Amino acid sequence: MANKLFALLFCALLGIVTVECIVGGHSSLPDAAPFVVSIQHPTHVCGGVLVKGTWVLTTASCVNDKAVGDLKVLAGSHRLLTNMDRVAVSAKKVHASYNPTSGINNVALLQLAKDVTSTRVAAVTLNDVAVTSGLPTVFYGWGSLRYGSPARSNELQTLFQKTLSAADCGQKIAGLPTGFICAQIQRGQAACSKDEGGPLIAYGTKKLIGIYDHGTQCSGNAPDVFVDVRSFSAWINANAV
């Protein structure tokens with residue numbers, strides 16, 4: 001009951017349209033997350049977040065095997081089905097120590113070929129403090145509606161979760177490498193496939209604290225795992241130039 005009240009309170013505070021959809025999430029209002037983008041190849045494959053100028057942060061696992069010329073980014077729209085132009089990608093930077101097997105250093109940057117001139121687009125601020133347990137957060141994504149399903153929402157979805165510190169998360173997920181944090185709310189509410197790279201935002205500061213890495217079959221039975229943005233802030237700032 002407490003978790004449901006927590007979600008309802010967030011809905012009221014953020015003006016979320018309470019239409020239940022993607023694995024326990026809710027449809028977001030058009031201007032709720034101007035930093036969220038859809039990475040497309042040629043349709044939506046994962047999420048991303050505008051972190052500086054023309055630079056988009058996402059997971060390396062999303063774009064590592066894709067040619068730059070085949071990638072496009074949709075920014076400024078909370079709907080995937082839109083007549084807005086997709087922006088070409090001019091450069092890709094994958095963390096040099098990314099390991100596809102272990103999943104460590106799972107970060108990448110995409111440079112857009114041009115600025116997106118829209119009042120509905122804005123860069124996010126990176127988190128600069130250690131993540132503790134119990135922090136209220138908001139996650140955004142266009143991922144699958146349920147595990148194993150190709151169907152996904154046309155509208156950007158919002159999921160309210162609370163963080164677990166790296167230490168607390170490690171107690172629930174054995175062998176979790178450094179550089180990750182977790183978030184969870186309750187069974188039946190979780191990120192899902194094609195949500196990878198989507199942003200986890202601290203409710204109070206509105207800063208980016210994580211990007212979605214993986215979960216447990218979209219069930220919410222175990223915490224969702226996110227790349228800890230603070231751990232990679234130096235890499236992001238050095239490469240988003």
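# A walk around the barrel

Start with one pair: Val73 stands opposite Val87 in β7. Select both residues and keep them on screen. This is a predicted model, and the stops below work outward from that pair.

**Stop 1: β6 and β7.** Colour β6, residues 72-75, and then β7, residues 87-94. The two strands run antiparallel and are joined by two bridges.

**Stop 2: on to β8.** Add residues 108-112, which form strand β8. β7 and β8 pair in the antiparallel sense, over five bridges. To find one of the pairings, select Val89, whose bridge partner in β8 is Leu112.

**Stop 3: the other side of β6.** Which strand is joined to β6 by four bridges? Select residues 36-40: this is β3, and β3 runs antiparallel to β6. Two pairs can be picked out here. Val37 has Ala75 as its bridge partner in β6. Gln40 stands opposite Lys72, also in β6.

**Stop 4: the whole barrel.** Now show the six strands together. They form a closed barrel in the order β3-β4-β5-β8-β7-β6, with antiparallel pairing. Neighbouring strands of this sheet are turned by 40 degrees against each other on average, direction ignored.

**Stop 5: a cis peptide.** Leave β3 and move into the loop between β3 and β4, where Pro42 lies. Select His41 with Pro42. The peptide bond from His41 to Pro42 is cis, and its omega is near -10 degrees. For context, most peptide bonds are trans.

**Stop 6: Lys52 in β4.** Continue into β4, which covers residues 44-52 and includes Lys52. Is Lys52 buried or partly exposed? Lys52 counts as partly exposed, because its relative accessibility is 32% and buried means under 20%. Next, show what surrounds the side chain and backbone of this residue. Leaving aside residues up to four places away in sequence, Lys52 touches Ala123, Asn237 and Ala240. Measure from Lys52 to Ala123 in the viewer: their C-alpha atoms are separated by 5.7 Å, although the two residues are 71 apart along the chain.

**Stop 7: Val121.** From Ala123, step back to Val121. Val121 has its place in the loop between β8 and β9. Val121 is buried, because its relative accessible area is 16% and the limit for buried is under 20%. What does Val121 touch, residues up to four places away in sequence aside? The contacts are Pro34, Leu50, Ala75, Gly76 and Val116. Ala75 is already on screen as the β6 partner of Val37. Then draw a line from Val121 to Val36: C-alpha to C-alpha it spans 8.2 Å, with the two positions 85 residues apart in sequence.

**Stop 8: the cavities.** Pro34 leads to the next view. A search of the whole structure finds two cavities of 30 Å³ or more. The largest cavity has a volume of about 70 Å³. It is lined by 13 residues. Select the ones that lie nearest its centre: Pro30, Ala33, Pro34, Ser77 and His78. Pro34 is thus on two lists, as a lining residue here and as a contact of Val121.

**Stop 9: two positive phi values.** Most residues other than glycine have a negative phi. Two exceptions can be visited.

- Asn105 lies in the loop between β7 and β8. Its phi is positive, at about 55 degrees, although Asn105 is not a glycine. Asn105 is buried, with a relative accessible area of 18%.
- Lys206 is found in the loop between β12 and β13. To frame the loop, colour residues 199-202 for β12 and 208-214 for β13. Phi of Lys206 is near 65 degrees, again a positive value in a residue other than glycine.

Which of the terms, buried or partly exposed, fits Lys206? Lys206 is partly exposed, because its relative accessible area is 45%.

**Last stop: the full chain.** Zoom out and show everything. The chain has four helices and 14 strands. Buried residues make up 51% of its 241 residues. Switch on the surface: the chain exposes about 10,500 Å², and carbon and sulfur atoms supply 53% of that area. Finally, consider the contacts between residues at least 6 apart in sequence. Of these, 67% join residues at least 24 apart.

Note on methods:
Residues are numbered from 1 along each chain as its sequence is written. This is a predicted model: local features need pLDDT of at least 70, side-chain atom pairs count only at pLDDT 80 or more; totals for chains, interfaces and linings use all residues. Side-chain values use heavy atoms; hydrogens and water are left out. Buried means under 20% relative accessible area, exposed over 50%, partly exposed in between (1.4 Å probe, protein chains only). Contact means heavy atoms within 4.5 Å. Accessible areas come from the Shrake-Rupley method with a 1.4 Å probe; for residues, only the protein chains shown count as cover. Two strands pair if DSSP finds at least two bridges between them. Axes are lines fitted to C-alpha atoms, for helices over the stretch in contact, and angles run from 0 to 180 degrees between N-to-C directions. On a 1 Å grid over the protein atoms alone, a cavity is a set of points where a 1.4 Å probe fits but cannot get out, and a pocket is an open set with protein on both sides within 12 Å along at least five of seven lines; lining residues have an atom within 4 Å of a point. Grid points are joined across faces, edges and corners, and a volume is the space filled by probe spheres set on the points.
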